[in-house]
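Work through the exercises below with the structure open. Try each task before reading its solution.

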Amino acid sequence: MRRTRAAAAAAVTVSLLATAATACGGGSAATGGGTNTAPKELTYWASNQGPDIAADQATLGPELKKFEQQTGIKVKLEVVPWSDLLNRILAATASGQGPDVLNIGNTWSSSLQATGALLPWDANNFEAIGGRDRFVESAIGSAGAAGKDPAAVPLYSMSYALYYNKKMFQEAGIEKPPATWDELVAVGRRLSEDGKWALGAEGSNLANNIHQVFVLSKQHGAEFFDAAGKPTFDTPANVEAVKQYVDLMAKDKVISPGNAEYDKNQSLQDFANGKTAMVLWQSAAGSFKAHGMKEGDWGVAPVPVPAGGTPGTGKNTNSMVAGINMAVFKNTDNIDGALKFVKFMTSDEEQKLLNKTYGSIPPVKAAQSDPAFATEDLTVLRNTLATSAAPLPQVPEESQFETAVGTAVKELFADAAAGRPVTTESVKARLTKAQQQMSN
């Protein structure tokens, strides 16, 4: 377990924490911080990737024991729920009291990088775990701000896909999944009848809202931040993008008004129960099985793009680069052990085992060759990651962006569900308010 030195424990600002951490070298081959005063132990905060915390403990426990047998280093595991993880990490960066190694949502990488509390992954540190070129470049692109050494290493990769209920499509006489948004609305109107709906959404889930409108913003040729990192939330193209998403409920009537309140994956249960014909989701197969569906009950296709396009870059982007990264705190007191642990968790063998279990894609290139990642679901996800996914804005304010714009979309869904008009003006007003919140 990492023991915080007096200077770090007394720090009350991130800058002081970073200064104290960097000042201590400890004679390690690693660069960027850390000591080796506790070489036989590590603490690890894992994110909740399985159906529940107990499942993650059962998955990770044997692997951590394997690492201990190989290295003599005991790893103390804590699986932290997503609802708590970011706040726990932010508290740790300020107090210096945290783990040696931790999982972070890849969209948080730049925000946490800006605190100065995480070990930078320069060429030397990457070499210690086998080299940067082992990893898919799009996954590295979601590990920190452009032009800086990454703040973390990719661990699990995911992307969005369109999942569709084959039985509901067959009953409606629909032969193939929609490839464009116009097609989705057209088939969606045929599917939305008799108490059933075409598309599920999580209207009160701020992160999910961001993921969806980010893709639509790219498809409209827009950005939520300019080249200098200044928010540009309420540009005409972003207004159009957000309105397009909310209009799936407000105007097109293919999303149930009840979905405006969903924030805990209820849309996946509706899909499994035959109440909803399609969902836009990351690595959903495991959840469908947990809700009683069988292989073959659902199909998987790329997320739609604008009319006339096919998934690709720029205006044909159809997913954000989703995933989990692994980071090391600068002031760890087992820096060499931390690097050994990251190397272990990103080894070909562990990448295959863990990503199979969690239904995700290995960000390590060599591990992707395993036949387990050639299923229909994972082939679509892997191809999307390789050809048509883009990272969310890698800016220090990314977490505030998720909250501000995610809340704006949530409020617009609430308007739609209540029958209040969702107009260009009302969307712009919400996004302007979100942009102002960023500067306060």
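**Exercise 1. Find out how enclosed strand β1 is, and what it pairs with.**

Step 1. Strand β1 covers residues 41-47, and six of its seven residues are buried, so β1 is largely enclosed by the rest of the structure. Buried means under 20% relative accessible area, exposed means over 50%, and partly exposed lies in between (1.4 Å probe, protein chains only). Helices (H or I, at least four residues) and strands (E, at least two) are DSSP runs, numbered from the N terminus. This is a predicted model: local features need pLDDT of at least 70, side-chain atom pairs count only at pLDDT 80 or more, and totals for chains, interfaces and linings use all residues. Residues are numbered from 1 along each chain as its sequence is written, and side-chain values use heavy atoms, with hydrogens and water left out.

Step 2. Look for partners. Two strands pair if DSSP finds at least two bridges between them. Seven bridges link β1 to β2 (residues 74-80) in the parallel sense. Here Leu 42 faces Val 75 of β2.

Step 3. Check β3 (residues 101-105). It pairs with β1 over two bridges, again parallel. Tyr 44 has Val 101 of β3 as its bridge partner.

Step 4. Trace the connection. Together, β1, α3 and β2 make a right-handed β-α-β unit. Right-handed means that, with the strands pointing away from the viewer, the path from the first strand over the helix to the second runs clockwise.

**Exercise 2. Write down the strand order of the open sheet that contains β1, and name its edges.**

Step 1. The order is β2-β1-β3-β10-β4, an open sheet of five strands with mixed pairing.

Step 2. The edges are β2 and β4, since each pairs on one side only.

Step 3. From one strand to the next, the twist averages 20°. Axes are lines fitted to C-alpha atoms, for helices over the stretch in contact, and angles run from 0 to 180 degrees between N-to-C directions.

Step 4. Find the antiparallel pair. Five bridges hold β4 against β10 (residues 322-328), and the two run antiparallel. Val 153 stands opposite Met 326 of β10.

Step 5. Add the helix. α14 lies across β1, β2, β3, β4 and β10, at about 155° to β10.

**Exercise 3. Decide whether one or both faces of β5 are covered.**

Step 1. Count. In β5 (residues 160-165), six of the six residues are buried, so the strand is largely enclosed by the rest of the structure.

Step 2. Sort the residues by face. In a regular strand the side chains alternate between the two faces of the sheet. Tyr 160, Leu 162 and Tyr 164 are buried on one side of β5, and Ala 161, Tyr 163 and Asn 165 are buried on the other, so both faces are covered.

Step 3. List the neighbours. Five bridges join β5 to β7 (residues 276-282), antiparallel. Ala 161 sits opposite Trp 281 in β7. With β8 (residues 298-301), β5 forms four bridges, also antiparallel. Leu 162 is bridged to Ala 301 of β8.

**Exercise 4. Check the length of helix α4 and locate its buried side.**

Step 1. The expected span of a helix is 1.5 Å times one less than its number of residues. For the 14 residues of α4 (82-95) this gives 20 Å, and the end C-alpha atoms are 20 Å apart, which agrees.

Step 2. The buried residues of α4 are Leu 85, Leu 86, Ile 89, Ala 92 and Thr 93. They cover an arc of only 130° around the axis, which puts them on the same side of α4. The arc is that of the directions from the helix axis to the C-beta atoms.

Step 3. Turn to the face away from that side. It carries the exposed residues Ser 83 and Asn 87.

Step 4. Look past the end. Just after α4, Gly 96 has a positive phi of about 80°.

**Exercise 5. Two non-glycine residues with positive phi: buried or exposed?**

Step 1. Asp 194 has a phi of about 55° and belongs to the loop between α9 (181-191) and β6 (197-200). Its relative accessibility is 73%, so Asp 194 counts as exposed.

Step 2. Ser 283 has a phi of about 45° and lies in the loop between β7 and α13 (285-290). Its relative accessible area is 15%, so Ser 283 is buried.

Definitions and conventions. Contact means heavy atoms within 4.5 Å.
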